[in-house]
Amino acid sequence: MAAAETPEKNICSRNGYMHVYPARADVVYLKGEDSVKGYYFGGKKAEHKFCPNCGSSISVDPHGAFGEEDMVSINVRMLQDVELDQLKVGTVDGKKFGAPYDPK
C-alpha cells in the first residue's frame, strides 16, 4: 500500500478516515462483515459503515454516487499490520463530495 488520502472539511475528517480506494471485488472481510452497520449521512449518497461495538468508522460505499461504481473506500486505520507512517498521504477536499459537516 503506497498512498492514502485524508479528507478535509467533511464527516470523514471528523471520523478520522484515511482513505484507500480498492476495487469492490478486492475487499474481503476475514470476519465480522455480517455485523457491520451502515448509515447514510448528509446527501444520502454514500453508505458509511462502522463497527456497532466500538463505533469505529470502517468504510464508505458510494454505490456509484461519485462515478466509481466498482470502488469502495476503506479506512486504512482499521487494517491490521499497516504501518501508517510508511504511507504516502495526500489530502482531498471533502467539499467535492457535498456540503461540509455541520452538526447543528
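# Report on a predicted single-chain model

N15 is partly exposed, its relative accessible area being 30% (buried means under 20% relative accessible area, exposed over 50% and partly exposed in between, with a 1.4 Å probe and protein chains only). The model is predicted, and local features need pLDDT of at least 70 and side-chain atom pairs pLDDT 80 or more, while totals for chains, interfaces and linings use all residues. Residues are numbered from 1 along each chain as its sequence is written, and side-chain values use heavy atoms, with hydrogens and water left out.

## Chain overview

The protein chain has one helix and seven strands (DSSP runs numbered from the N terminus, H or I of at least four residues for helices and E of at least two for strands). Their order from the N terminus is β-α-β-β-β-β-β-β. Of the 104 residues in the protein chain, 30% are buried. The accessible surface of the protein chain is about 6,900 Å², and carbon and sulfur atoms account for 49% of this area (Shrake-Rupley method, 1.4 Å probe, with only the protein chains shown counting as cover for residues). Among contacts between residues at least 6 apart in sequence, 51% join residues at least 24 apart (a contact means heavy atoms within 4.5 Å).

## N15, S57 and F50

N15 belongs to the loop between α1 (11-14) and β2. With neighbours within four places in sequence left aside, N15 is in contact with Y39 and S57. S57 lies in strand β5, residues 57-61, and counts as buried because its relative accessibility is 10%. Outside its neighbours within four places in sequence, S57 contacts N15, Y17, K49, F50, N75 and M78.

F50 is found in strand β4, residues 47-50. F50 has a relative accessible area of 23% and is therefore partly exposed. Apart from neighbours within four places in sequence, the contacts of F50 are V36, K37, G38, Y39, G55, S56, S57 and I58.

## Pairs distant in sequence

The table lists C-alpha separations for four residue pairs.

| Pair | Separation along the chain | C-alpha to C-alpha |
|---|---|---|
| F50 and Y39 | eleven residues | 8.5 Å |
| G32 and C51 | 19 residues | 8.9 Å |
| N15 and S56 | 41 residues | 8.1 Å |
| K88 and A4 | 84 residues | 6.4 Å |

G32 is in the loop between β2 (19-20) and β3 (37-40). The relative accessible area of G32 is 31%, so this residue counts as partly exposed. K88 lies in strand β7 and is exposed, at 65% relative accessibility.

## Strand β6 and the nonpolar core

S73 is found in strand β6. S73 counts as buried because its relative accessibility is 5%. Not counting residues up to four places away in sequence, S73 touches H19, V20, Y21, I58, S59 and V60. I74, with its neighbours within four places in sequence left aside, is in contact with M18, H19, V20, P22, V27, I58, S59 and L79.

I74 is also one of the seven residues of the largest nonpolar core, together with A4, M18, V20, V72, V76 and L87 (such a core is a set of buried Ala, Val, Leu, Ile, Met, Phe, Trp, Tyr and Cys residues joined through side-chain atoms within 4.5 Å). V20 and M18, members of this core, are both among the contacts of I74.

## Loop between β6 and β7

D81 lies in the loop between β6 (73-75) and β7 (88-93). Most residues other than glycine have a negative phi. D81 has a positive phi, near 65°. Its relative accessibility is 78%, so D81 counts as exposed.

## Largest pocket

The largest pocket holds about 690 Å³ of space. A pocket is an open set of points on a 1 Å grid over the protein atoms alone, where a 1.4 Å probe fits and protein lies on both sides within 12 Å along at least five of seven lines; lining residues have an atom within 4 Å of a point. Points are joined across faces, edges and corners, and the volume is the space filled by probe spheres set on them.

The lining consists of 21 residues, and Y29, L30, K31, M78 and L79 lie nearest the centre. By class, the lining has 15 nonpolar, four polar and two charged residues (Ala, Val, Leu, Ile, Met, Phe, Trp, Tyr, Cys and Pro count as nonpolar, Asp, Glu, Lys and Arg as charged, and the others, Gly among them, as polar). Two of the residues nearest the pocket centre, M78 and L79, also appear above: M78 is in contact with S57, and L79 with I74.
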